[in-house]
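Here is a short tour of one protein chain, written to be read with the structure open beside it. Take a moment to turn the view around before reading on.

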Amino acid sequence: MVALARWCVSHRRRVVLAWVLVAAVVSVAAQAVGRDYANNFSLPGTEAQRALDLLQKRFPSQSGDLDQIVWRAPAGSSVDSPAVRAAIHPLLERVSRLPHVVGVLSPYSSAGAAQVSRDRRTAFATVSYDKRANLLPHSAGKELLAAIEGVHIRGLRIAAGGQVVEQAEQSGVGFATTVGVIAALIVLLLTFGSLITAGMPLVTAGLGLIIGVGCIGLLTHVLSTTNIAPDVALMIGLGVGVDYALFIVTRFKQAYASHRGDVTAAVLEAMDTSGRAIVLAGATVIIALLGMFTVGVSFLNGIAVAAAITVALVLLASLTLLPAMLSRVGARVARGGRLSRRRAEVRHDGDERSAWRRWAVGVQAHPWPSLLVSLATMLLVASPILAMRLQSGDASNDPVSHSTYRAYTMLAAGFGQGFNGPLSVVVELRGRAAAATRGAPAAHEAAAARAAAAALPALARRLQATKGVAAVLPPRVSSAGDVAVIRVYPVSAPEALATTELVNRLRNQALPPLQRQTGTRMLVGGFTAGSIDFSRVLSEKLPLFIAVVVALSALLLLIIFRSLVIPLQAAAMNLLSIGGALGVITATFQWGWLGGVLGVHGGPIEPWLPVFMFAIVFGLSMDYEVFLISRVHEEWAHTRDPSRAVLDGLAYTGRVITAAAAIMIVVFLSFVVGDERAIKQFGLGLAAAVLLDAVVIRCLMLPAVLQLIGRRTWYVPGWLDRMLPRIGIEGSLERAPVVVAAQEEPVPREPVGTLR
């Protein structure tokens, strides 16, 4: 680390120019090559996926997603009026000719008669695509929206809904990112009181993010990557990039005072200590992100790699670009602005007048009350997680300005909420009948298929009689006569628990007897059923994911700090932070607490959220763990006094941890101001996690626990100590004398070796 920092200082111009040049080249290359996002959303082994695979193989025209065009006639009129028909017929003809559209089922046809409401005021047409929404370009939905916007009849309300349209109306997080950057700059200015000091973390993080986004664009050509990967990577990269640079800059200012104005020595000490710490912190974030591969859901893999690349790049920028910049303007950074000089915050971080030292003294004086209060707080905040229900939200959660929301409300009012999420019962007419006649003449197999097809009307009637079913459309049979599809509309909304119960009822009770009678295979599929399967798969894989990430991170901490207590403490407290964040999300978005403030109503939690939250929050929590423990470990290596180590560690890092947390919080809260419910959940959850972790965990619970454990914190069995590789976290340079208080003499420190 020292050698890298010294080289960057000696070649600072080359380093800065190299980063700028690489950012320009990667950005140009990404623009030239283009981005090939492929939202590969497959769930191998699930019934919805088997239904989709069967349709893609034998009935491709029914394997794509469905959208609805919904219209409501003017007051005093009906959908059958000549004026309405004259406007709708050309619209449906135009839509049927759009790219990727394989069919439009009109309510004015005999097959679509059920698509007109009882009062004849509302009707909808079903648009079938040749692919799933995640495989279609955004232009597919935009062209459909453009078509309906061309219909102008006084009093006629018209909108389009479905997954393809919803994908086209999704907005990015560009505005939220801008708000986050401005908020981070304000926090940095308040922390350092200097524009140049506040700007350096943003510059290093910014260059890393620019290269990261370009790399993600190139990555789409070699790995299936969803279009939300850059948004997630920006959110995470901005937060950790600013934090890493902030940690180094703060340590540089402390070292500058200790080295009495020697910029180079201060840079080397900062990189030798804080630089090592952020490498460990970054490694844990990357481990947590790549741990999403254990879930086995393909679309998460691209997001994991994209976010990991971005974190690695902002980490590399902090390790190379930042020391190069500090070596040039370090003196101005250390002096700071008027506000920072007036407070003399760096020199007094560790003296008796420091607020953080006084706080640490108070915690150490009352460790048991501090531990019990913090633990009770975390358990109380996390308690709503026991009632959390995972399910993809439906269009009722979309912004009111979106066409999908208007289509949802019209369908719900005219037909019932379940018409917004149809199920597809896929019947393989040559299922067991074909297997039974294998080797027999083709005529026998065809006869078996015809017999199975003859049972389709009875199947439709059985489905119609099933509890929770509102309507069933006539079966549609493939040209080969070997596969049929029956659209089933539930009574309840797609996100409702009753719909999940209906899917389970169909799969476990209603369809199995018919399968045995007819010798056919029947599968319940469609987007809604796929969402239910998605929730179940993630719930089943979540324990393995948590175990892998916790185990790898604990092993890394064991190797670095050579302690049995630190890995166990870190795992337990990080899980408390994640539980608290999920508890806040459940109370807000499922129970509706503060829903009016955030503009949301009660509903289920997105099923992918716990996986994302765990990966990111665990990594971010480990950042603060490493920031604090690395300094405590450094002080322990110097003094061998466990209480003094905890006291000094918290006194020297408390301010930077809370400043870093404040930056994270404002960055993540900036994503709450948007319209997307899922992004709101993500932003609020991350902000709550950082707040709880930095304030309750790191500044109250952790020092109390370390005070109670004492010297046993750093115990490791001799046989294990000999087996573990040695990686120093406390640095290898001789520390300069540190001014502990203005009225005291400097305390010299000995060279540091590896703690045994």
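## A strand held on two sides

Two strands count as paired if DSSP finds at least two bridges between them. With that in mind, and remembering that this is a predicted model, let us begin at strand 5, residues 423-428. Which residue of strand 9 stands opposite Val426? The partner there is Leu523. Val426 also has Val485 of strand 8 opposite. Strand 5 runs antiparallel to strand 9 (residues 521-525), and five bridges join the two. With strand 8 (residues 483-490) the pairing is antiparallel as well, over six bridges.

Is strand 5 enclosed or open? Six of its six residues are buried, so the strand is largely enclosed by the rest of the structure. In a regular strand, side chains alternate between the two faces of the sheet. Both faces of strand 5 are covered: Leu423, Val425 and Val427 are buried on one side, and Ser424, Val426 and Glu428 are buried on the other.

## The chain as a whole

Stepping back, the chain has 756 residues, and 60% of them are buried. Its secondary structure comes to 26 helices and nine strands. Of the contacts between residues at least 6 apart in sequence, 80% join residues at least 24 apart. The chain exposes about 29,100 Å², of which carbon and sulfur atoms supply 61%.

## Nonpolar cores

In soluble globular proteins, nonpolar side chains tend to be buried together. Here the largest nonpolar core holds 160 residues, and those that touch the most other members are Phe252, Leu289, Val297, Met613, Phe668 and Phe682. Helix 11 (residues 298-335) gives the most to this core, with 22 residues. Apart from this core lies another, of 31 residues, including Ala87, Val116, Ala133 and Val164.

Phe668 is a good place to zoom in. Not counting residues up to four places away in sequence, Phe668 touches Met235, Leu620, Gly683, Leu686, Ala687 and Val690.

## Helix 21 and the loop after it

Helix 21 spans residues 565-590 and includes Asn574. Asn574 counts as buried because its relative accessibility is 0%, and the cut-off for buried is under 20%. What does Asn574 contact, leaving aside neighbours within four places in sequence? The contacts are Phe618, Ser621, Met622, Asp693 and Arg698.

Trp591 lies in the loop between helix 21 and helix 22 (595-598). With a relative accessibility of 38%, Trp591 counts as partly exposed. Together with Trp593, Leu594 and Val597, Trp591 forms a nonpolar patch on the surface, with about 500 Å² of accessible area in total.

## Two arginines with positive phi

Two loop residues deserve a look at their backbone. Arg120 has a positive phi of about 60° although it is not a glycine. Arg120 is found in the loop between strand 2 (101-105) and strand 3 (122-129), and its 35% relative accessibility makes it partly exposed.

Arg640, also a residue other than glycine, has a positive phi near 55°. Where is Arg640 placed? Arg640 sits in the loop between helix 23 (609-639) and helix 24 (642-669). At a relative accessible area of 39%, Arg640 is partly exposed.

Definitions and conventions:
Residues numbered from 1 in each chain as written. Predicted model: local features only at pLDDT ≥ 70, side-chain atom pairs only at ≥ 80, totals over all residues. Heavy atoms only, no water. Helix = DSSP H or I, 4+ residues; strand = E, 2+ residues; numbered from the N terminus. Buried < 20%, exposed > 50% of the residue type's maximum accessible area, 1.4 Å probe, protein only. Contact = heavy atoms within 4.5 Å. Patch = residues over 30% accessible without salt bridge, like charges linked within 9 Å, V, L, I, M, F, W, Y side chains within 5 Å. Areas by Shrake-Rupley, 256 points an atom, 1.4 Å probe, with all protein chains shown as cover. Salt bridge = Lys/Arg side-chain N within 4 Å of Asp/Glu carboxyl O. Core = buried A, V, L, I, M, F, W, Y, C linked by side-chain atoms within 4.5 Å.
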